[in-house]
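Welcome! Here are some short exercises to work through with the structure open beside you. Try each task before reading its solution.

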Amino acid sequence: MSDCNHNCESCSSSCGDRKEKNDFTVQPHELSNIKKVIGVVSGKGGVGKSLVTSLLAVSMNRRGYHTAILDADITGPSIPKAFGLHEKAKGNEMGLFPVKSKTGIDVMSINLLLGNETDPVVWRGPIIAGTVKQFWSDVIWSDVDYMFVDMPPGTGDVPLTVFQSIPLDGIIIVTSPQELVSMIVGKAVKMASMMNVPILGLIENMSYFVCPDCNTQYPIFGESHVEEVAGRYGINAFAKLPINPKLAAACDKGMIELFEGDWLDALADILENN
Ligand SMILES: Nc1ncnc2c1ncn2[C@@H]1O[C@H](COP(=O)(O)OP(=O)(O)OP(=O)(O)O)[C@@H](O)[C@H]1O
């Protein structure tokens with residue numbers, strides 16, 4: 001329609017561009033081609049969501065899929081550091097281009113755009129949410145098989161907007177053993193079901209520590225409840241990730257692409273066959 005003002009609420013025409021009343025999804029860039037979009041969420045911050053996002057992306061990349069990470073955690077962007085990315089993202093009149101990691105994973109993060117990566121992002125919620133939407137709509141994501149979205153933690157305004165704006169094919173919930181015995185995972189599960197997004201798996205991070213001397217497993221943060229909680233919410237796939245100093249060191253050195261471990265292989269199988 002030539003006189004379209006893109007405000008469907010003030011118009012009754014049933015044209016092809018019409019958005020349903022509650023459809024807030026943002027269109028991707030016209031040159032983007034993304035097959036699957038998986039959100040990685042947590043009920044609260046600091047449980048290892050960015051680490052899990054990185055491990056899943058590396059796992060799918062190792063299986064031969066072109067993989068991307070959209071770092072939607074604008075106030076705590078950890079992805080570039082884990083991959084050792086310090087260069088700035090480039091753009092032209094068409095749009096912005098993600099930065100490629102050493103093994104070919106495409107990454108977009110606020111830290112790839114800031115003048116100085118230690119600059120804090122002191123922005124109000126709508127600006128933060130708008131930035132995430134632009135990472136979806138203004139970045140040219142070419143031929144991506146699997147995109148992982150490192151979601152902002154919690155169930156507040158910004159994660160809600162991201163849930164509504166980016167069409168997620170499914171989510172993975174990351175928790176810690178303490179969180180599993182509280183109600184925080186339940187909140188993340190209910191938010192996903194309100195948004196009609198399937199939950200593909202539940203990961204208990206920092207589940208145990210393996211003593212390097214005697215190989216005994218110690219449940220440092222308490223006994224695991226992942227199986228029981230997955231059952232309670234009807235989540236078929238779950239995994240346990242140990243506390244592993246090598247993982248922390250790999251993130252710190254920007255060498256997460258070299259990680260060794262098969263903890264998430266079963267979940268990667270599910271993503272591959274979904
Ligand atoms: N299983 C683990 N073993 C060792 N170190 C870990 C493990 N999980 C997370 N860490 C370390 O803990 C720190 C926090 O992890 P991460 O940044 O992934 O958390 P997050 O949930 O994304 O945090 P935020 O919500 O604040 O962004 C990182 O330094 C990471 O390397």
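**Exercise 1: A residue in the core**

Leaving aside neighbours within four places in sequence, Ile-173 is in contact with Val-41, Ser-42, Val-185, Ala-188, Val-189, Ile-199 and Leu-202; contact means that C-beta atoms, placed from the backbone, lie within 7 Å. Before going on, note that this is a predicted model, in which local features need pLDDT of at least 70, side-chain atom pairs count only at pLDDT 80 or more, and totals for chains, interfaces and linings use all residues. Residues are numbered from 1 along each chain as its sequence is written.

Task: Find which residues have the most contacts inside the largest nonpolar core.

Solution, step by step:
- A nonpolar core is a set of buried Ala, Val, Leu, Ile, Met, Phe, Trp, Tyr and Cys residues joined through C-beta atoms within 7 Å.
- Buried means 20 or more other C-beta atoms within 10 Å of a residue's own, exposed means 12 or fewer, and partly exposed lies in between.
- The largest such core has 72 residues, and Met-147, Val-149, Ile-172 and Ile-173 have the most contacts inside it.
- Helix α1 gives the largest share of this core, seven residues. Helices (H or I, at least four residues) and strands (E, at least two) are DSSP runs, numbered from the N terminus.

**Exercise 2: Strand β6 and its partners**

Task: Work out which strand β6 joins by five bridges besides β7, and why β6 is largely enclosed.

Solution, step by step:
- Strands pair if DSSP finds at least two bridges between them.
- β1 and β6 run parallel and are joined by five bridges; Val-41 has Ile-173 of β6 as its bridge partner.
- β6 also pairs with β7 (residues 199-205), again in the parallel sense over five bridges, and Ile-171 stands opposite Ile-199 in β7.
- Because five of the six residues of β6 (residues 170-175) are buried, this strand is largely enclosed by the rest of the structure.

**Exercise 3: Two residues in one loop**

Task: Decide whether Lys-44 is buried or partly exposed, and do likewise for Gly-48.

Solution, step by step:
- Lys-44 sits in the loop between β1 (34-42) and α1, and Gly-48 is found in the loop between β1 and α1.
- Lys-44 has 17 other C-beta atoms within 10 Å, so Lys-44 is partly exposed.
- Gly-48 has 24 C-beta neighbours inside 10 Å, so Gly-48 counts as buried.
- Leaving aside neighbours within four places in sequence, Lys-44 touches Pro-153, Gly-154, Glu-179 and Ile-184, while Gly-48 is in contact with Val-174, Asn-205 and Met-206.

Key. Contact = placed C-beta atoms within 7 Å.
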